[in-house]
Amino acid sequence: MTRTPLIAVVGNPNAGKSALFNALTGARQKVGNYPGVTVERHAGRFMLANGHTAELVDLPGAYALDAGSPDEEVTRNVVLGEGDYERLPDALLVVLDAANLDNHLRFALQLIQLGLPTVVALNMVDLAERDGLELDAAVLEAELGVPVIETVAVRRRGIDAVRDKLTEAATGPRDVREGAGVEEDPLTLQRRAREIAMKAIVSETPTRQFTHRLDGLLLHPVAGPIILAVLLFVMFQAVFAWAAPPADFLEGVVIGAGEWIGTNMTDSWLKSLIVDGLFAGVGAVVVFLPQILILFLFILVLEGTGYMVRAAFLMDKLMGRAGLNGSAFIPLLSSFACAVPGIMATRTIEDPKDRLTTILIAPLMTCSARLPVYALIIAAFIPNREVAPFIGLQGLVLFGLYVAGIVGALILGSLIRRKVVKGEGGTFMMELPKYQMPRISDVLIGLWQRAWIFLKRAGTIILATTMLLWVLASYPKAGPGESQVEASIAGKIASGIEVVVEPIGFNRDISLALLPAMAAREVAVAAIGTVYALDAEDEDGLQTLEERVAGRWSLATALAFLAWFVFAPQCISTIAVTRRETNGWKWPLFMTGYLFAVAYVAAGITYWTAVAFGLG
Ligand SMILES: Nc1nc2c(ncn2[C@@H]2O[C@H](COP(=O)(O)OP(=O)(O)OP(=O)(O)O)[C@@H](O)[C@H]2O)c(=O)[nH]1
Ligand SMILES: [Mg+2]
């Protein structure tokens with residue numbers, strides 16, 4: 001032998017790599033029971049079984065070879081022999097946590113595919129035994145095609161066997177196995193890892209079995225996506241079906257209170273402010289609280305069970321086509337609440353290009369502020385009937401609007417990725433959490449927080465914007481026979497905007513709502529509520545906002561308005577947080593520009609298509 005063989009210790013975080021390294025070399029590398037203890041490479045020497053010395057490098061834990069955080073890059077460079085000071089290792093010592101086999105096998109499979117001589121240490125078998133998990137190392141060896149040795153690094157169990165196998169591996173003839181370096185997507189890798197793990201597991205406790213069965217079903221290539229679609233579908237049905245009784249009740253209270261004040265107060269500007277601004281405006285938004293809570297009930301429960309990360313795996317392939325990766329899933333998911341925390345959550349995405357793309361499409365996820373707008377228009381224009389047993393038309397349309405946002409995001413994401421933010425991205429690895437029943441207290445706290453956020457918005461930004469709008473729409477006073485809104489300052493501004501949005505079917509009232517809705521999207525509902533209340537003084541009888549809208553807009557206009565809201569960057573906070581997260585004005589301006597353009601075109605196409613079908 002002419003040179004000292006180089007052997008790299010690799011594996012997932014917290015598998016016991018440093019403990020094994022210490023056992024082999026006698027070194028005292030820091031070990032600790034959490035991922036990310038080792039963040040640099042550490043080299044040590046140890047004696048092979050044939051009496052020669054070998055160099056062993058302990059590496060930071062990683063989930064995949066192409067992950068991009070700096071510590072994982074060290075691992076990648078050493079394993080692939082890249083970087084300045086590295087050479088290709090003569091052998092790999094892959095460390096697995098026996099109790100976490102399917103997760104750890106994913107990375108192991110990737111490493112074995114490199115074709116370097118490899119020895120697998122099935123570590124922590126003591127803990128696996130304690131938990132009633134029995135593994136067959138021989139089966140694992142057969143499936144992986146490399147030697148597998150059971151170890152307990154902290155008790156030096158299996159250390160001599162590891163040394164023997166490493167000696168063979170590092171000094172024997174190199175045979176690059178077939179299929180070396182094949183790239184596979186995370187879901188395929190995950191399934192293969194699971195298959196192998198299932199075969200190697202001789203017996204396990206019922207909870208572990210349950211997890212595996214459930215994963216087999218939920219990550220199934222056909223059944224998995226169907227289950228995901230059904231879950232989402234049920235969620236949107238519920239938003240309408242379950243919310244109807246409490247929402248109707250709330251609406252009754254708000255209208256009743258407004259009416260009571262209307263009849264008991266003498267006419268004055270204050271009465272108009274309270275009745276037309278507060279009740280008809282802000283009240284029109286608040287009645288959507290039940291819808292919002294039901295949406296979040298579903299999201300919180302799905303998160304709590306551990307299903308959301310599975311959904312991320314299912315979506316990874318689809319998102320891959322859009323130039324995104326699975327790690328964008330969680331930020332995009334939080335954008336369904338609000339794009340602001342969603343965009344902040346992109347900090348977990350390692351690849352800067354993946355991250356930027358995710359930021360740019362996050363506003364396309366339907367945030368909960370859009371729900372009142374959608375719900376109002378749907379309730380006003382879409383008949384409440386079943387198209388099939390248990391499938392209501394209203395829920396179907398709402399589902400369609402959410403899907404339109406998602407599909408739009410995928411298409412625009414892939415365009416942006418190809419034309420604007422070019423370059424390779426990273427891939428995605430994530431540990432699958434254990435399934436569990438969501439804790440009721442967690443869900444309740446989550447719901448309470450959501451309700452509070454919503455009501456706080458209603459009491460602050462929505463209230464303030466609506467009050468401002470009320471002032472602008474109430475003055476100067478209209479002459480006899482004139483429409484109040486038309487005569488007002490707001491009406492004049494709206495006429496200016498109307499010139500631009502008339503071609504896509506928007507009327508004056510929508511034009512009036514567009515600008516204040518930049519402060520918060522729900523204000524669109526409040527603005528329309530206030531405007532119609534101001535103009536409706538002479539109407540007899542009590543009308544809900546839905547009825548007023550239904551009486552004044554054509555279906556084509558309503559649909560165009562919905563299409564606009566799917567895409568338009570209708571929110572200043574989102575633009576501000578984008579500026580902060582991308583350190584400059586370039587990307588927020590790009591985002592605002594492209595979203596307005598898409599919204600305009602989408603609304604126009606919707607309007608003219610509807611008109612062509614006679615719905616104008
Ligand atoms: N019971 C038991 N504990 C072990 C075994 N191997 C390692 N540990 C413990 O598991 C924890 C993680 O070990 P480390 O060696 O730090 O893991 P690592 O793979 O180097 O982790 P990173 O450096 O974060 O990637 C430590 O608390 C070790 O004491 C084992 O075989 N049995
Ligand atoms: Mg370590």
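Start by selecting residues 42-47 and 53-58 in this predicted model. These are strand 2 and strand 3, and they pair in the antiparallel sense over six bridges. Label a couple of the pairs while you're there: Ala-43 has Val-57 of strand 3 as its bridge partner, and Gly-44 sits opposite Leu-56 in strand 3. Now look at the link between the strands. The two form a hairpin with five residues between them, and Gly-51 in that turn has a positive phi of about 90°.

Next, widen the selection to the whole sheet. It's an open sheet of six strands, and if you walk across it the order is 2-3-1-4-5-7, with mixed pairing. Which strands stand at the edges? Strand 2 and strand 7 (148-150) do; each has a single partner strand, so one side of each is left without a neighbour in the sheet. Look along the sheet and you'll see a twist that averages 25° from one strand to the next.

Now add the helices that go with the sheet. Select 17-25 for helix 1, which packs on the sheet and touches strand 1 (6-11), strand 2, strand 3, strand 4 (91-97) and strand 5 (118-123). The direction of helix 1 makes about 160° with that of strand 3. Then pick 159-171: this is helix 6, lying across strand 1, strand 3, strand 4, strand 5 and strand 7. Helix 6 runs at about 165° to strand 5.

Time to move along the chain. The unreviewed UniProt entry annotates several stretches as "transmembrane region", among them 217-243, 278-302 and 356-382. Try colouring two of them. Residues 278-302 are 92% helix and 0% strand, with end C-alpha atoms 36 Å apart. Residues 356-382 are 63% helix and 0% strand, and there the end C-alpha atoms lie 37 Å apart.

For the last stop, show helix 11 (residues 269-286) with helix 19 (residues 440-474). How do their axes cross? They come within 10 Å and cross at roughly 135°, which makes helix 11 oblique to helix 19. The crossing is right-handed. To see the contact itself, turn on side chains: on helix 11, the residues include Ser-272, Asp-276, Gly-277, Gly-281 and Val-285, and on helix 19 they include Ala-458, Ile-462, Thr-466, Met-467 and Trp-470. Colour by class and the contact of helix 11 with helix 19 comes out as nine nonpolar, five polar and one charged residues.

How values were computed: Residues are numbered from 1 along each chain as its sequence is written. Chains are lettered from A and ligands numbered from 1 in the order in which they are written. This is a predicted model: local features need pLDDT of at least 70, side-chain atom pairs count only at pLDDT 80 or more; totals for chains, interfaces and linings use all residues. UniProt positions are given in the numbering used here, feature names are shortened, and annotations may be inferred rather than shown by experiment. Helices (H or I, at least four residues) and strands (E, at least two) are DSSP runs, numbered from the N terminus. Axes are lines fitted to C-alpha atoms, for helices over the stretch in contact, and angles run from 0 to 180 degrees between N-to-C directions. Angles under 35 degrees count as roughly parallel, over 145 as roughly antiparallel, 65 to 115 as roughly perpendicular and the rest as oblique. A crossing is left-handed if the near helix is turned anticlockwise from the far one by less than a right angle, and right-handed if clockwise. Two residues are in contact if their C-beta atoms, placed from the backbone, lie within 7 Å. Ala, Val, Leu, Ile, Met, Phe, Trp, Tyr, Cys and Pro count as nonpolar, Asp, Glu, Lys and Arg as charged, and the others, Gly among them, as polar. Two strands pair if DSSP finds at least two bridges between them.
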